[in-house]
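Hi everyone, thanks for coming. I'd like to walk you through a structure I've been looking at, so let's get it up on the screen.

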Amino acid sequence: MSKERERFLQMIEDGSMNITSNFTYQVGGSLFVDTPSYVTRQADDELYHALKTGEFCYVLNSRQMGKSSLKVRVMQRLQQEDIACAAIDITAIGTQGITSREWYGGLIYNWALQFELPLDFDFFTWWEQRESISPVQGWIEFLERVLLHHIHKPIVIFIDEIDSLLNISFKDDFFAAIRACHNKRAEKPEYRRLTFALLGVATPSDLIGDKNRTPFNIGCSIELAGFELEECQTLVQGLVGKVINPQAVLKEILDWTGGQPFLTQKLCKLILINHEGLSVEELVQKSIIQNWEAQDEPEHLQTICARILRDAQRTARLLGLYQQILLQGEIVADKSPEQIELRLSGLVVKQKGKLKVYNRIYQAVFNQNWINQILRQQRPYAEQLKAWLDSDCQDKSRLLRGKALQDALVWADGKNLTNEDEQFLRVSQEDLNKQRKQLLHASWTIILTGLAGIIGSVVWLSKTPYIFNQERFSQGERSFYISSDETSGLLSGIKEFQQKHFEKAEKFFKRASDANRNDPELLIYYNNAKAWANGHPLTLAVPIPLDKKKNSTINILKGVALAQQEFNNSNPKNHRLLNIILARDNDDPTQAKEVAQELIKDGNVIGVIGHSTSVATKNTLPEYQKAHLAIISSRSSSNELRSNIFFRTVASDRVMGKKLADYAIKHNIKRVAIFYEDNPHGRSLGGEFQTDFQKQGGTIVKEPIDLMKIEPPEPDTYSRIVQEIISKDKAQAAVFCTNTDVYDIVSAIVQELKNIPGSKKLKLISGDGLYDARILQPSFEGLILAPVWFEKEENGQEKKFTKKAQEKWSGQIDWTTATSYDATQAFIKAITMSDNPDRKMVLKKLTLVKLEPDKTSGDELNFREKERKQTPVIVQVVGDQHCPNGGKYCFEIVKEK
């Protein structure tokens, strides 16, 4: 038994340890100096002693390993030794759109404040006088002639988040200057009092490529390992009195987390709120592993995933390496870029010269199915490659041909591929060249075959799916694995669909859909195969924001799939069934435009449901306009969206802004501050609210505040903004014209507003952009919203559509399920109003569409002036006393005055 553990147990036994119910575990963020759950590791002493003796140090490790907390603790210890310290987070200075002079000036100004230089040092005058020299030269002069001149004791400067420097062009000069400080020790002894500690998530080669200028070959690398059982006895304190055997429970926690700090703290915290008496394994499965993407709060697993996927050119190679580790258990560690990058993701760890998966949780989440899913999304030829490998690389029918091979080579260009990928593409090319040589000896046969192919293509023009870009489009030729992994029948269905065996594909997709009843992608492919088997289907396209907003994608497709299923089962007019093309635009304006340009090429596409955001939609309207292709958006509400081909099933920002302004005036709110996001939705909603509010005698207390321009260089930034709005501007309410893309900023401001004493508290008001499950928490209680759709009628009764959709999708729907259902229903109505619908006919008929509430998600739908005539309801976030089914917070309709 270690001395620390022995002392700890003795303290519990003799009562000298004050065990209280107030002990907390901190999940994420830097721990304060006095945080009781801080775990002292070997790295604490190594970094402290190295810096105390004047060594340059760097801690390069994955995120959420405790680097910032380590910095805080070591800094305190050094200050107690009368060593002057300063710390800066590079993100606080900024790296986007900033000049080198502004950046170095921010660095110097920050240190001048932290080191409390004499009053006779006027930074602004001093920096202005050095305009004639380079910024890095001015920085060196500050260190030598100001900092070292005024401070005569040892100095340690901590620089955190150095990976933020990857985005600036002058990073090499900065790191070279740090090395120069070290080199000057030989000729200028005062530099021996100055040292640096660099912390971040990057490889030395990422930060500076020139080995002759890098400081990373002169400094001391500090390895920051996970928690060991003997080290983290302090964590037992919070478990005493909560579990029968705290030591055994902590050991089991570490067995799952491998000592990873974030997960260890999180699992300890879950133990404290474990009211169901679940075992550690049950807690891990229920609260971390199962449905991990939805409950990864604060984000941790998604951070690892994002790191792996951040560079498409390296993803395949990283996954190949990780797959090798996963299958073999461990591999010999080396210094290859791929291994270092994989370690920086946090997914694997180096132990005793071997690389292994960091812990059991990662092994369960990032398993073979996850690898397969990512590779399928990455490779346009994943199924063919798998089949070829399964045949021991013998089945030539699985090799790529024609356009498929061309697309694969374009995709592979510039990427670091696995050996299997490279071999597969090489053999495909060799086989193609071999066939070409054989065909040269039968040129007449080629000509005749070509003519037959042309005739055949004319016959099949209205029967076969259009060949879109393989990475972005699917009717059933591939799966995006939107909400399920590989499942029974799916791959067989895809194979049959690709070969145009639609009746066979229909059976396989039906089996897959029945096995995964909450997966809308599978249901859509089943109905697509049914439609193609029936012949000459009616085709709509649905752009989806899959990579950025997976949950939104799922909910959008639930509405589309439900309407498609109902129509295809209803024996429709002319017996033509509905086919849906899924198109990944990822909420990116550029990709959205490219998707639109591709969709208009296929004459079978007679309508588009999308796009997800106003800014993406705005970028596509000119393309659809050229082709007379109607688009119905189920999410975009901006007033900037105007075109004779554009419709929507959500209320516009004009309607939304007036509704919120009316609410404020009716509740005697006369002075408000507006927070907005500078995009089409934020600008139009903010502008409409301001216009209507001022018309009714209201006052906007200051210029609307752009949330994207709030940069919190100091911890009290949000607090100062809130205090100014309340004390100086005398605002009565804060109005948020944004969406959840800036949720963290909105949440921070709302938290500050909630901290204000009761008599000065502001009313919180928002449009539909924040109508999301994430705001169902204490700080948002009382927030007023105007959602475009609500699950209940104004009398509080559940809507018929709500019940129908929740039964179909096991209760998992949101407002986008309703609005996308309505968009699909509107197209279906326009289609059935014509015997032979085409783009122009559908566009004309949409203006005549009128659907009663029983044919929609609950409200009448018509497109007078191409806008849905619908008045949003007002709801607010309320506490558990008002929530059904034991929910802690929920939305409740506010009865109008």
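How far apart are the end C-alpha atoms of helix H25, and what span should its 19 residues have at 1.5 Å a residue? A quick word before I answer: this is a predicted model, so keep that in mind throughout. Okay, helix H25 covers residues 550–568, and it should span 27 Å. Its end C-alpha atoms are 26 Å apart, which agrees. Now, is H25 mostly buried or exposed? Of its 19 residues, 16 are buried, so the rest of the structure largely encloses H25.

Let's try that again on helix H24, residues 520–534. This one has 15 residues, and from first C-alpha to last it reaches 21 Å, close to the expected 21 Å. H24 is also largely enclosed by the rest of the structure, because 13 of its 15 residues are buried. And have a look at what sits at either end. Asp519 caps the N-terminal end, with a side-chain oxygen 3.0 Å from the backbone nitrogen of Glu521. After H24 comes Gly535, and its phi is positive, near 105°.

On to some strands. Strand S18, residues 733–737, runs parallel to strand S19, residues 763–766, and 4 bridges join them. If you want one pair to find on the screen, Ala734 has Leu764 in S19 as its bridge partner. S19 is also joined to strand S20, residues 784–785, by 2 bridges, and those two run parallel as well. There, Ile765 stands opposite Ile784 in S20.

Now for charges. Side chains of opposite charge can pair when their charged atoms come close. How many salt bridges does the structure hold? The count is 31. Let me pick out a few. The side chain of Lys184 meets that of Glu144 in a salt bridge, 3.8 Å from N to O. Lys184 is in the loop between helix H8 and strand S4, while Glu144 is in helix H7, so this pair ties together parts that are 40 residues apart in sequence. Glu144 counts as buried because its relative accessibility is 18%, and the cut-off for buried is under 20%.

Compare that with a pair inside one helix. Arg426 and Glu430 both lie in helix H20, 4 residues apart, which is about one turn of the helix. Their side chains meet in a salt bridge at 3.7 Å, N to O. Arg426 is partly exposed, at 42% relative accessible area, and Glu430 is partly exposed too, at 45%. There's also a network: Lys618, Glu640, Asp678 and Arg683 are joined into one by salt bridges that share partners.

One more pair, then: Arg398 and Asp395 form a salt bridge, with their closest N and O atoms 3.4 Å apart. Arg398 is partly exposed at 24%, and Asp395 is partly exposed at 26%.

Two last stops. His611 is in the loop between strand S12 and helix H27. Is His611 buried or exposed? At 1% relative accessibility, His611 counts as buried. Its side chain makes a polar contact with the side chain of Tyr624, at 2.9 Å.

And finally, the surface. Tyr109, Leu113 and Phe124 form a nonpolar patch there, with about 320 Å² of accessible area together. Tyr109 is found in helix H5, residues 100–114, and with 34% relative accessibility it counts as partly exposed. That's my tour, so over to you.

Definitions and conventions:
Residues are numbered from 1 along each chain as its sequence is written. This is a predicted model: local features need pLDDT of at least 70, side-chain atom pairs count only at pLDDT 80 or more; totals for chains, interfaces and linings use all residues. Side-chain values use heavy atoms; hydrogens and water are left out. Two strands pair if DSSP finds at least two bridges between them. Patches are made of residues with over 30% relative accessible area and no salt bridge: like charges are joined within 9 Å, nonpolar side chains (Val, Leu, Ile, Met, Phe, Trp, Tyr) within 5 Å. Accessible areas come from the Shrake-Rupley method with a 1.4 Å probe; for residues, only the protein chains shown count as cover. A salt bridge is a side-chain nitrogen of Lys or Arg within 4 Å of a carboxyl oxygen of Asp or Glu. Buried means under 20% relative accessible area, exposed over 50%, partly exposed in between (1.4 Å probe, protein chains only). The expected span of a helix is 1.5 Å times one less than its number of residues. A polar contact is a pair of N or O atoms within 3.5 Å; within protein, one must be able to donate a hydrogen and the other to accept it, and residues adjacent in sequence count only if both atoms are side-chain atoms.
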